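Hi,

Here is the structure I said I would pass on. Have a look at it first, and my notes follow underneath.

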Amino acid sequence: MEAVAGIPQAHEAEIACLGAALIDAEAARVVARNLTSQDFFLTKHQAIWLAVAGLVERASPVDRVSVYREVLRLGQAEQVPPSYLLHLEESVPTAANLAHYVGLVKDATLRREARGLGLRLAEQASDPGADISRILADWSEDTQARLEASGRNGGPPVPIITSLP
């Protein structure tokens, strides 16, 4: 997937997370533990995360060479040229602000999910034969589940509708 205007993404934060993982062993563990491949918008970033996470899981060194070898092993060489890994390393002088960048990536993920939920809600609500009460109840439950999974649940669910005539 390439960058698309209007779709929430945190391109620079993704670069910061992956670059930090390449230059700092603890950063690699933080990235592997706190993000998933789906948190990354770009396909090449997803492939790099899979490589980093695999290396971390096996307690192997995480650096440009080992990540590229893992990318090759995963069959993702087309997505990730070696020069891109060098670009990631050079883009991040320190891993000091990693927690902030992980938060930005997670925020963009949640926004993409919310956008997708909204698009599905609009599509379902456009069907005149659909049960709108059921659509809204399902949407509310799905939204609440995503909030809880993201750790951003600020309290009990607020019903979208309290009753329909």
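**Helix 1 and its neighbours**

Let me start with helix 1 and helix 3: their axes come within 11 Å and cross at roughly 25 degrees. That angle makes helix 1 roughly parallel to helix 3, and the crossing is left-handed. On the helix 1 side, the contact is made by H11, E14, I15, L18 and A21, and helix 3 brings H45, I48, W49 and V52. Sorted by character, the residues of this contact are six nonpolar, two polar and one charged. Before going further, please keep in mind that this is a predicted model.

Helix 2 (residues 25-34) meets helix 1 in another way. The axes of helix 1 and helix 2 come within 6 Å and cross at roughly 135 degrees, so helix 1 is oblique to helix 2. This crossing is left-handed. Here the contact is built from C17, A20, A21 and I23 of helix 1, with A25, A27, A28 and V31 coming from helix 2. What kinds of residue make up the contact of helix 1 with helix 2? They divide into eight nonpolar, no polar and no charged. If you are colouring residues as you go, A21 is worth picking out: it takes part in the contact with helix 3 and also in the one with helix 2.

**The overall picture**

Stepping back, the protein has seven helices and zero strands, and along the sequence that reads as α-α-α-α-α-α-α. Of its 165 residues, 36% are buried. Take the contacts between residues at least 6 apart in sequence: 65% of them join residues at least 24 apart.

**Helix 5**

Next, try helix 5, which covers residues 82-91. Which of its residues are buried? They are Y84, L85, L88 and E89. Looking down the axis of helix 5, you will see these buried residues fall within an arc of 145 degrees, so they line one face of the helix. Turn to the other side of helix 5 and you find S83 and E90, which are exposed. As for what the buried residues of helix 5 pack against, the partners are helix 1 (11-23), helix 3 (43-57) and helix 4 (64-73). That brings back the pair I began with, helix 1 and helix 3, whose axes cross at roughly 25 degrees.

**Two single residues**

I7 sits in the segment before helix 1. Its relative accessibility is 23%, so I7 counts as partly exposed, the cut-off for buried being under 20%. Setting aside neighbours within four places in sequence, I7 is in contact with F41, R112 and R115. I7 and F41 are 34 residues apart along the chain, and their C-alpha atoms are separated by 9.3 Å.

The other one is A59, in the loop between helix 3 and helix 4. Is A59 buried or exposed? With a relative accessible area of 72%, A59 is exposed. Its backbone is what caught my eye: A59 has a positive phi of about 55 degrees, although it is not a glycine. Most residues other than glycine have a negative phi.

That's everything from my side. Over to you!

Notes: Residues are numbered from 1 along each chain as its sequence is written. This is a predicted model: local features need pLDDT of at least 70, side-chain atom pairs count only at pLDDT 80 or more; totals for chains, interfaces and linings use all residues. Side-chain values use heavy atoms; hydrogens and water are left out. Buried means under 20% relative accessible area, exposed over 50%, partly exposed in between (1.4 Å probe, protein chains only). Helices (H or I, at least four residues) and strands (E, at least two) are DSSP runs, numbered from the N terminus. The arc is that of the directions from the helix axis to the C-beta atoms. Contact means heavy atoms within 4.5 Å. Axes are lines fitted to C-alpha atoms, for helices over the stretch in contact, and angles run from 0 to 180 degrees between N-to-C directions. Angles under 35 degrees count as roughly parallel, over 145 as roughly antiparallel, 65 to 115 as roughly perpendicular and the rest as oblique. A crossing is left-handed if the near helix is turned anticlockwise from the far one by less than a right angle, and right-handed if clockwise. Ala, Val, Leu, Ile, Met, Phe, Trp, Tyr, Cys and Pro count as nonpolar, Asp, Glu, Lys and Arg as charged, and the others, Gly among them, as polar.
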